[in-house]
Each structure stands twice: as C-alpha cells, then as structure tokens.
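Subject: Structure handover

Hello,

Here is the structure I promised to pass on. Please open it next to this note, and my findings follow below.

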Amino acid sequence: MSTYLTKRLIYMVLILIGASMLIFFLYALTPGDFVSGNLKMSAERKAELRDLYGLNKPVFERYLIWMKNALHGDFGYSLAQQKPVLTLFNEYIWNSFLLAIVSTFLTWVIAVVIGVISAYKQYSWFDTIVMIFIFAAMSIPSFFIGLFLIKTLAVDLKWLPPGGMMTTGSNATGWAYVKEVIHHMTLPVVVMTLLGVGSLTRYFRSNMIDVIQQDYIRTARAKGLTERTVLFRHALRNALLPAITLVGFELPGLFGGSIIIEKIFNWPGIGQLYMQSFGSRDYPLLMGFTMFIAVLTVIGTLISDILYHLADPRVKL
Amino acid sequence: MKKGLFSLLTVIISGALLLSACSQQSSTPAAEGNAASTTTTTTDQATTETSSGLTELLKATDISKLPELAQKRTDTVIVGLTDPSGAFTPYFQQSGYDGNVSSLLYSSLVTVDNSGVPIPDLAESFDISDDQLTYTFHLRKDSKFSDGSPLTADDVAFTWTILHDKAYDGGYDLLSAHIKGGEAYKEGKAKTIEGIKVIDPQTISVTLDKVNATALLTLGSEVLSKAYYGKDYKFGQLDYIKNLHATPVGNGPYKLEKFIPGQEVRFVANENYYKGKVKIEHFIYKTTEGDTFQFVETGEQDFGGFQATTDNIDRLKKIGFLNLQPYTASNYGYLQFNMEHETLKDKAVRQALTYGLDRKTIYVDSNQGAAAIANIPTPQSSWSYTEDGINPYNYDPEKAKQLLDEAGWKEGSDGIREKDGKKLKIHFIGSKKKGTDVFIAVAKENYAAIGVQLEAEQFADFNSQIAKFESGDFDLVSFSTPILTDPSDGVISFVNGEVKGYNNPKIKELYDKGLATNDIEARKAVYKELYQVINEDAPYIFTSYGKSVYAYNGRIEGFNLNPFRGLSTSIPEWTLK
C-alpha cells in the first residue's frame with residue numbers, strides 16, 4: 001500500500017506539471033491577451049501595459065515565472081478584478097460548493113432509492129414511469145428547466161425568489177440568513193438535481209439488476225433471510241461498490257461551479273467568474289482556477305482508488 | 001499510470017469544453033444592462049409594429065400593481081449592474097462596472113450636460129487662458145472627502161501626478177492631455193510635473209504643451225485624496241493602491257457601505273457631499289447577469305435597461321407600475337473596410353457596398369425598431385451631430401451596380417463581378433450573436449443581387465475576433481464603439497493609424513483643427529466638414545445607433561438621463577414617492 005501511494009504521488013506530481021504546462025500554453029496560444037480587447041486604447045499604451053504586466057516576455061519564461069510564484073504560494077493578482085486570485089476563490093468558491101454539495105447529496109440519495117426500487121420491480125409500472133421521467137429530465141436542457149421554473153414558481157406564483165443568494169438589501173443574520181439562503185437555493189438545487197439524477201439512477205438500476213441475478217442472492221434467499229435483508233445488506237452493498245469510483249470524480253465538480261446554472265439563477269459562484277475571466281484573458285485567474293480543478297481531479301482519482309480498496313479488500317493496490 | 005492518464009485527459013477535455021462554451025465578451029455599457037434577445041420578423045410586420053414604439057417618457061399606468069417587496073423599501077433603491085469586481089478606486093479599475101460604482105463614490109471636477117458640453121461639477125468654475133494652454137480650476141471652499149477631510153488643490157495635483165507614474169497600469173490616458181513636463185516626470189527626469197501649479201488651496205492651474213479641446217474633460221475627472229491614497233506614494237511604486245480598492249474614500253453623493261462579491265454593492269448617502277446629502281438614503285447595485293426582466297417584474301429591482309424592441313416594450317407596458325424612458329445609445333456601430341486590400345482602396349467600390357446593403361432591414365426592422373441608422377461617426381445626442389450635407393446612402397442596388405460598372409467590375413459568367421481576372425468577394429468577420437446572423441443572411445442576398453459574393457466568419461470570443469482583425473485577413477469587420485463623449489473620440493481611429501490603409505490628409509487636418517479650439521460653435525463647423533468628408537469617403541459602412549428603453553418604478557421621481565454619463569449623474573437627484 002505505501003509503495004503504491006509513493007508511486008501514485010510521484011505520478012500525480014508529474015501529471016500536474018504536464019497539465020500546468022499544457023494549460024498555460026493553451027491559454028497563451030488562444031488569440032488575444034488582456035489588453036488587446038480594449039478598442040479605446042492606443043497601440044503605444046498597449047505595448048506599455050504589456051510590458052508592465054510582463055505579457056511581452058516569451059511564453060516559456062512567463063510559465064517559469066508563474067510556476068515559481070505558484071510554488072511559493074503566490075498565484076498572482078487577477079488583472080481584471082485587481083485582487084489576489086486566492087482571495088477571489090475564497091469569495092466565490094464556497095457559494096458554488098454550497099449548491100454542488102446539496103444537489104450532489106440529493107442526487108445520490110434519490111438515485112440510490114429509485115434505482116434500487118426500479119431494479120427490484122423491473123418492468124413494473126413504477127419502473128416504466130420512473131424511466132420515462134428520468135429520460136425526460138435528462139434530455140431537457142438546463143436553461144430551459146431553469147427558466148421555466150423561474151417563470152412559473154418565481155414570477156407567476158411568487159413562491160420562490162427568481163435568483164440570487166439572498167434578498168437584495170437584506171440585513172438578516174444567523175438563523176434568518178440561513179433560511180433566506182435555503183429559500184434562494186431551492187430552485188437551482190432542484191434543477192441541478194433533476195439534471196444529475198437521471199444518469200446516476202440508470203447506473204444504480206443496472207448495477208442492482210446485475211447483482212440481483214447473482215448466485216449469492218439466490219443463496220441468501222434460500223437461507224430464508226427476509227427480503228429486506230437480502231435487498232439492502234446483500235444486494236445494495238455490492239451494487240454500490242462500483243459507484244465508489246464515481247465519488248472521487250465528483251470532487252472537482254463540487255468546487256468547479258456551474259456556468260449555466262449560476263448564470264440563470266444569478267448565483268454568485270466561481271463558474272461565472274471563470275467565464276468572464278476567459279473573455280477578458282485574465283491569465284492569473286484562468287491559470288489558478290484551471291490548475292485548482294486539475295489538482296482536485298488528480299486527488300479525486302486517488303481517493304476513488306483508496307476508497308475502492310477499503311470497501312472491497314479483493315481489490316489490490 | 002492508466003488512471004493518471006485518464007485524469008490528465010479529464011482536465012484537458014473539461015478545459016476544451018469550457019473554451020468552446022465561451023460566449024462573446026459583452027461590450028455594451030454597464031448601466032444599460034443586458035438587452036433581451038430579439039426575434040426576427042419580416043419587414044412587413046416590423047413596419048406596422050414600430051408604430052407602437054416609444055418616442056418619449058411613458059408614465060406608469062397603474063402604480064398600485066407595484067409588488068409588496070418594492071413597496072416595503074422606503075429609503076432604498078435597487079439597480080442592476082452586470083459585474084462589479086470590487087476595485088472601486090477610479091483610474092485603477094479594469095472593469096467598466098467598477099466605474100459605475102466609483103462614479104457614485106467620486107465626483108468629477110467637470111462633467112457634461114445632456115448634449116456633451118462641459119460644465120463644472122466638483123470645481124466651482126474653470127477658466128481657460130486666451131492661448132488655450134492654461135486651465136485654472138477653482139474648487140469649492142467647503143469641499144470635503146467622505147471621511148470629513150478637506151478637499152484641496154493638493155489633492156488634484158496628486159491625482160494628476162500619479163497618473164503620470166511609470167508604474168501606472170490602468171486604462172486612463174492623462175498623458176494624452178500633454179501636460180507640460182508630464183513626459184519628463186514619467187521618465188523619472190523631474191521630481192514634479194512642471195505644468196501643474198497649486199496657486200492656493202482652492203485654486204490649481206495646469207499648462208499644456210499644445211492646445212487640445214479634449215483636455216478639459218480629461219483633466220476634469222475624479223479627485224483622489226492625497227492624505228488617503230498618497231501617504232505611501234513613492235515614484236514608480238503604486239502597488240499599495242490595490243489594498244485600498246475595497247475601502248474607498250470619495251467625494252461623491254454616496255459612500256460605500258458594503259460590497260458582497262457577486263451579489264451587491266451597498267451605498268449609503270454621503271453627508272459630506274458638496275451638494276448636500278441626497279434624498280434617498282440607501283442605494284444598491286445588485287449584480288445581475290443577463291435578462292433582468294424577472295427582477296424588475298417581481299420588484300426586486302427598481303430599474304432595468306432593455307433593447308427597445310416592440311416585444312420588450314409591450315411586455316414592459318403590461319407590467320403597469322413602470323415608467324418607460326426611451327434612450328438612444330451614445331455610440332455607433334460600424335462595418336470597417338480593410339483598405340489595405342487593393343479592391344477596397346477604390347472609393348467607388350466602398351460606396352457601392354454601402355448603397356448595396358439594406359441597412360434598414362438588417363438593423364432597424366429585424367430589431368423591431370430598436371435601432372436608428374447611422375451615417376456619421378457621432379451619436380445623435382452629441383452637439384456635433386448633423387445631417388446637413390450627409391449622404392444617407394439609402395438602399396439602392398441600381399446605384400451600387402452602376403458604381404461597380406464604372407469602377408470596371410463586370411459581371412462574370414457565374415453572376416459574380418470580376419476585374420482583371422479577380423472576383424469581387426468580401427470576407428466578413430463578426431461576433432457570434434443574433435444580430436450578426438441577421439446581417440449575414442440579409443447581406444449575402446443583398447450583395448449577391450449586385451454581383452458581390454460575401455463570405456462570413458463568426459467568432460464566439462471577442463479576443464479571437466480582434467486577433468483575426470489584427471492579422472489583416474478580412475475585407476469587412478463589424479464593431480461598435482464605446483460611449484463617445486467628445487466628438488473627437490468618434491473619429492480618432494481615422495487618424496491614429498487604426499483604420500489601416502486609409503489615409504486622407506484632409507481628415508488629419510480637420511481632426512487637428514477640431515481639437516485646436518475650445519469654442520463649441522467653431523468646433524461644430526469643423527466636425528460638420530469632417531463628417532461630410534468621411535461620409536463621402538466611406539471608410540466605414542456606418543450601421544446603427546442602438547435604442548434602449550429604461551424601465552423604472554413609477555415611484556421614482558427626478559429621473560433625468562444624461563446620454564454621456566449614464567445613470568450616475570441622475571441617481572443623486574432621485575426621490576421616492
């Protein structure tokens with residue numbers, strides 16, 4: 001196990017170095033830079049600014065400077081926002097995380113419950129209806145569901161707020177503030193859950209169907225165990241095993257923000273910030289954020305592997 | 001290693017997806033909000049519908065429909081703003097949205113009236129010497145910053161000085177005013193700027209190297225407190241200002257109360273404002289991206305800007321509690337020719353392509369009347385606007401054909417004109433948006449009718465379009481200008497080499513003449529002549545002035561929109577009924 005971990009960690013470092021170079025050069029190669037989009041500025045002033053920002057240095061030198069600072073924990077100042085990149089992350093990521101963690105949790109719970117039931121009652125009317133509903137939810141674009149819910153629930157019925165994270169101008173604190181945020185996050189969470197629940201339910205359903213047909217389930221039933229024990233102790237546990245690998249992959253998604261959902265619901269998350277910084281070629285922010293996601297992805301896969309080993313000792317690392 | 005490779009791939013793929021999902025950078029001015037998307041209609045429908053368009057303020061029909069949420073706010077007004085980032089120090093901010101915030105926090109020495117003529121604001125008055133090289137600003141005796149400290153000529157001198165620092169990396173170009181000794185200071189050859197003289201605490205004068213009609217507005221902008229922003233200042237060292245962005249000390253109608261990133265900027269009235277404390281105690285800029293209709297309709301926001309399409313106006317009218325104010329933007333859209341290409345060096349060809357384009361269908365009718373046709377490089381709201389002696393280039397395919405025939409472009413066997421074996425093809429580049437789609441569809445047909453082939457290329461990302469533009473690989477490119485305050489802003493691209501391949505000495509001469517005096521009547525005459533020359537030369541096909549409609553709660557009074565300064569000059573005058 002420990003030799004495996006050391007090996008994995010060395011690989012991870014190599015992967016991240018490779019990824020950082022690739023990402024840096026990709027961004028450097030996209031046409032335009034931070035000053036080129038400003039039509040009002042004279043060419044001389046643009047050249048001066050490129051010099052001040054260090055944008056006129058060779059790409060590789062810029063990469064080395066970035067890497068050196070990053071290793072010292074300095075991810076630079078966002079050019080467009082005029083703030084340290086890490087401060088910006090701290091201001092926006094937690095909002096995205098809040099939406100993601102709640103909707104991921106709901107997605108998993110709903111997917112497991114529905115997946116198990118519809119597998120157990122395969123081809124029943126419940127199974128059919130659920131499958132139709134799930135495919136429908138999966139195939140409708142997020143912006144459509146989002147706007148539809150805003151129109152009906154927020155504008156027409158006025159049950160829920162149309163967007164934002166709290167009532168504008170509100171001075172609520174403590175419990176009142178928590179309630180306000182829950183009120184505001186309901187719609188985006190519902191949409192995110194609707195979109196995510198489909199594929200996961202199908203995944204659990206098919207896993208469960210496979211497991212139910214195994215010999216050990218027949219054995220368990222033959223032993224005279226209650227159906228409940230068979231289903232939840234013997235079948236579900238085995239059906240959940242492959243899903244553990246998915247847990248690790250959810251990690252970057254939890255912090256990455258959702259560009260479309262955040263835009264529709266006016267949610268102050270990192271996804272929107274990232275999109276804007278791409279439009280303005282705010283390199284420090286772009287690099288910082290993409291690398292952050294890269295690190296999470298790599299860590300996520302490691303966690304998956306370790307979890308898989310812990311859950312199923314047959315899997316050797 | 002297999003897993004490792006996989007994770008690397010995931011990173012790359014997600015990166016690529018993000019790249020492709022990128023939408024175009026919005027260049028619309030902040031306070032206008034994001035206009036709702038429009039639906040295309042056929043010409044017939046649109047002409048009947050435009051009759052219901054707005055020409056003047058339409059009062060709310062039923063104020064009782066105002067949602068409870070808005071009624072409960074008795075001392076607060078909420079306006080949407082796309083994306084303030086938190087850098088609230090004027091001159092040191094990169095985003096125009098931060099500019100909207102700081103224009104409530106800081107007043108300018110000089111502002112402009114509704115037709116763009118400079119008038120005093122924070123300065124009580126200003127005089128210009130007879131040789132038009134020395135400007136003297138007289139400050140108010142009792143001016144104060146929001147922290148209660150006095151505002152003096154030293155603060156003005158300090159502000160002008162740091163904008164000459166070699167480390168200044170913002171977008172404000174004070175050097176364009178050519179203050180005497182300014183260059184020397186920037187190069188570190190002088191300790192102070194020679195041309196700036198503090199006469200007494202309320203009087204400051206500045207001498208320029210050459211006469212420049214835009215200098216008054218360039219010099220007369222916001223004033224930073226020397227005591228606050230200058231206590232750590234050393235030449236070549238401005239980084240410390242970044243730490244002060246979040247805690248502005250200003251002199252405007254409002255003070256910053258709280259900034260919640262991505263959500264709100266809260267203001268509270270500044271009791272030290274020189275015009276006295278404003279009537280509405282609290283003001284909030286709410287961060288809203290995209291269509292703000294739902295926030296205006298539910299009363300979460302008191303104001304919204306929309307594209308003035310018939311659909312939008314009808315929808316807004318139905319809400320009942322909104323006052324609707326039509327508004328034409330102070331910028332213009334244009335299609336620029338690449339005059340480094342042999343074909344387009346010929347004025348006749350450029351004129352033919354202007355006559356041959358049905359601009360009314362493309363810009364006015366397909367937008368349900370939310371635009372007016374432009375023919376000169378200045379907004380309709382400007383004092384320099386004229387239609388006298390200006391060719392409107394009304395859609396006239398026959399005239400276009402005749403011009404092309406005369407220029408030697410003869411129709412080939414495939415219907416496309418040729419000259420010396422070269423086909424008349426136009427390579428168009430533009431952004432990826434609905435308006436461009438309409439342009440391409442109509443222009444292709446229009447140009448095919450006069451024997452010209454149009455090839456179009458669209459870019460989802462503004463910077464990519466700029467890069468293509470700079471590479472010179474295009475014939476025609478679509479752009480729009482930022483808000484234009486001085487008429488010289490709208491024509492500078494014709495003289496500074498930005499419009500490549502276009503070189504008319506007459507333009508340069510008139511441009512300089514237009515800046516060589518501060519007398520507006522004299523300037524009017526110069527710009528009129530300049531516009532006539534440009535209109536004849538057709539280096540651009542001028543396209544349109546965008547029309548918006550501003551919708552605000554009927555309970556807000558004192559709404560007076562300055563087309564050059566946006567909302568910021570009007571907000572302090574608002575009252576709540």
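Which residues of α1(A) are buried? They are Y4(A), R8(A), M12(A), I15(A), L16(A), A19(A), S20(A), I23(A), F24(A) and Y27(A). Please keep in mind that this is a predicted model.

Helix α1 of chain A covers residues 2-29. Its 28 residues should span 40 Å, because each residue adds 1.5 Å. The end C-alpha atoms are 40 Å apart, so the expected span and the model agree.

**Chain A overall**

Chain A has twelve helices and zero strands. Read from the N terminus, the elements run α-α-α-α-α-α-α-α-α-α-α-α. The C-alpha trace of chain A spans about 85 × 60 × 35 Å along its principal axes. Of the 317 residues in chain A, 47% are buried.

There is also a record to go with this. UniProt, in an unreviewed entry, lists residues 93-308 of chain A as "domain: ABC transmembrane type-1". In the model, that span is 82% helix and 0% strand. Its end C-alpha atoms lie 28 Å apart.

**Helix α4 and its bend**

Helix α4 of chain A runs over residues 85-120. At 1.5 Å a residue, its 36 residues should span 52 Å. The end C-alpha atoms are 50 Å apart, which agrees. Where does α4(A) bend? The bend is at Y92(A), and it is about 30°.

**The second largest cavity**

Y92(A) turns up again here. A search of the whole structure finds eight cavities of 30 Å³ or more. The second largest has a volume of about 100 Å³. Its lining holds 13 residues. Nearest its centre lie Y92(A) and Q272(A) from chain A, with D83(B), G262(B) and T287(B) from chain B.

Which helix gives the largest share of that lining? Helix α11 of chain A, residues 270-279, does, with three residues. By class, the lining of this cavity has four nonpolar, seven polar and two charged residues.

**Two residues with positive phi**

Most residues other than glycine have a negative phi. Two residues are worth a look on this point.

K158(A) has a phi near 55°, a positive value in a residue other than glycine. K158(A) sits in the loop between α6 (142-156) and α7 (174-212) of chain A. Is K158(A) buried or exposed? K158(A) counts as exposed, because its relative accessibility is 53% and the cut-off for exposed is over 50%.

N266(A) is not a glycine either, and its phi is positive at about 55°. N266(A) is found in the loop between α10 (259-264) and α11 of chain A. N266(A) has a relative accessibility of 4%, so it counts as buried. The cut-off for buried is under 20%.

**H183 in helix α7**

H183(A) lies in helix α7 of chain A. H183(A) has a relative accessible area of 37%, so it is partly exposed. How far apart are H183(A) and L160(A) in space? They are 6.7 Å apart, C-alpha to C-alpha, and 23 residues apart in sequence.

Best wishes

Definitions and conventions:
Residues numbered from 1 in each chain as written. Chains lettered and ligands numbered in written order. Predicted model: local features only at pLDDT ≥ 70, side-chain atom pairs only at ≥ 80, totals over all residues. Heavy atoms only, no water. 1 Å grid on protein atoms, 1.4 Å probe; cavity = no way out; pocket = protein on both sides within 12 Å on 5 of 7 lines; lining within 4 Å. Points joined across faces, edges and corners; volume = space filled by probe spheres on them. Helix = DSSP H or I, 4+ residues; strand = E, 2+ residues; numbered from the N terminus. Nonpolar A, V, L, I, M, F, W, Y, C, P; charged D, E, K, R; others polar. UniProt positions renumbered as here; feature names shortened; annotations may be inferred. Buried < 20%, exposed > 50% of the residue type's maximum accessible area, 1.4 Å probe, protein only. Expected span 1.5 Å × (residues − 1). Bend = angle between axes of the 7 residues up to and from the residue.
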